[in-house]
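Q: I'm new to this structure and would love a close look at one part of it. Could you walk me through how that part fits into its surroundings?

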Amino acid sequence: MIISLDKLNRRETDKIDLNFSQKIDTINYCDSTYKLTSPINVEGKISRNNKGLYLDINVDFTFLDNCSRCLDEVEVPVNYDIQGFLVKEDYDEDSFEDYDAFICNGQEVNLLDVIEQTIDFNLTAQVLCDEDCQGLCQGCGANLNKEECSCDEIANDEEIIDPRFAKLKDLFKND
Ligand SMILES: [Zn+2]
Ligand SMILES: [Zn+2]
């Protein structure tokens, strides 16, 4: 998803319109790789203003993650706006402190890099297959959405009892 900034740099134009879909296999963020289940749709523009080159796009795609309770695969739809200046590595941070800034080499920008830098801030806190997902049994690992296990009964008998009462129970056993 590399966009050349040549025309903007040579001042042949003040604006590059971006409006495309690109099939990408995976996306990386937070040290993990996620499989995309849709193309990445990009709509917006890069324009020149008196401060520099300004990226203003909407991105839209779907990727696969795991439900944080039952670990089943879940399709996560993503749609958000990215706005910020495209700057070189040695840019003056003070003059851009009120804006987001994305570092590129000045000749071109890889929008996939920009998406990977911003996706984390634009996701819902917890991925769930369903708000009522029952998750996995902590005792036996059974997926409680799909099956019932008997850990509850055992736990009621032995584990959940307050240790102080467990001692009492032992006393009664001796009787
Ligand atoms: Zn789930
Ligand atoms: Zn269980």
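In which sense do β6 and β7 pair, and over how many bridges?

A: Happy to help! A word on the model first. It is a predicted model, in which local features need pLDDT of at least 70 and side-chain atom pairs count only at pLDDT 80 or more, while totals for chains, interfaces and linings use all residues. Residues are numbered from 1 along each chain as its sequence is written, and chains are lettered from A and ligands numbered from 1 in the order in which they are written.

Now to your question. β6 and β7 pair in the antiparallel sense, over 14 bridges. Strands here are DSSP runs of E with at least two residues, helices are runs of H or I with at least four, and both are numbered from the N terminus. Two strands pair if DSSP finds at least two bridges between them. In general, strands of a sheet pair through backbone hydrogen bonds, either parallel or antiparallel. One bridge in this pair joins D65 to V74 in β7.

Between the two strands of this hairpin are six residues, and L71 takes a positive phi near 70° there. That is a positive value in a residue other than glycine. L71 counts as partly exposed because it has 13 C-beta neighbours inside 10 Å. The scale behind that word calls a residue buried if 20 or more other C-beta atoms lie within 10 Å of its own, exposed if 12 or fewer, and partly exposed in between, with C-beta atoms placed from the backbone.

D31 also has a positive phi, near 65°, and is likewise a residue other than glycine. D31 sits in the loop between β3 (26-29) and β4 (32-35). With 5 C-beta neighbours inside 10 Å, D31 is therefore counted as exposed.

Let's step back to the sheet around the hairpin. It is an open sheet of five strands in the order β2-β5-β6-β7-β8, with mixed pairing. The edges are β2 (15-22) and β8 (101-103), each of which pairs on one side only. On average, neighbouring strands in this sheet are turned by 30° against each other, direction ignored; the strand axes are lines fitted to C-alpha atoms, and angles in general run from 0 to 180 degrees between N-to-C directions.

On one side of the hairpin, β5 and β6 pair in the antiparallel sense over nine bridges, and R48 stands opposite L53 in β6. On the other, β7 and β8 pair in the parallel sense over three bridges. There, V87 has I103 in β8 as its bridge partner.

The hairpin strands also feed the largest nonpolar core, which has 17 residues. Such a core is a set of buried Ala, Val, Leu, Ile, Met, Phe, Trp, Tyr and Cys residues joined through C-beta atoms within 7 Å. β5 (40-49), β6 (52-66), β7 (73-87) and α2 (111-118) each supply at least two of its residues, and β6 gives the most, with five. The members that touch the most others are L55, V59, L86, V109, L111, V114 and I115. As a general pattern, nonpolar side chains in soluble globular proteins tend to be buried together.

Two residues show how the core is knitted together. Leaving aside neighbours within four places in sequence, L86 is in contact with I46, G52, L53, L55, F102, C104 and V109, where contact requires C-beta atoms, placed from the backbone, within 7 Å. V42, found in strand β5, is buried because 21 other C-beta atoms lie within 10 Å. With the same neighbours left aside, V42 is in contact with L18, F20, I57, V59 and L111. V42 and I57 are 15 residues apart along the chain, and their C-alpha atoms are separated by 6.6 Å.

The helix α2 joins in through L111, V114 and I115, which are buried. They lie on the same side of α2 because they cover an arc of only 100° around the axis, taken from the directions from the helix axis to the C-beta atoms.

Finally, the whole protein: it has four helices and nine strands, and 10% of its 175 residues count as buried. Of the contacts between residues at least 6 apart in sequence, 51% join residues at least 24 apart.

Note on methods:
Two residues are in contact if their C-beta atoms, placed from the backbone, lie within 7 Å.
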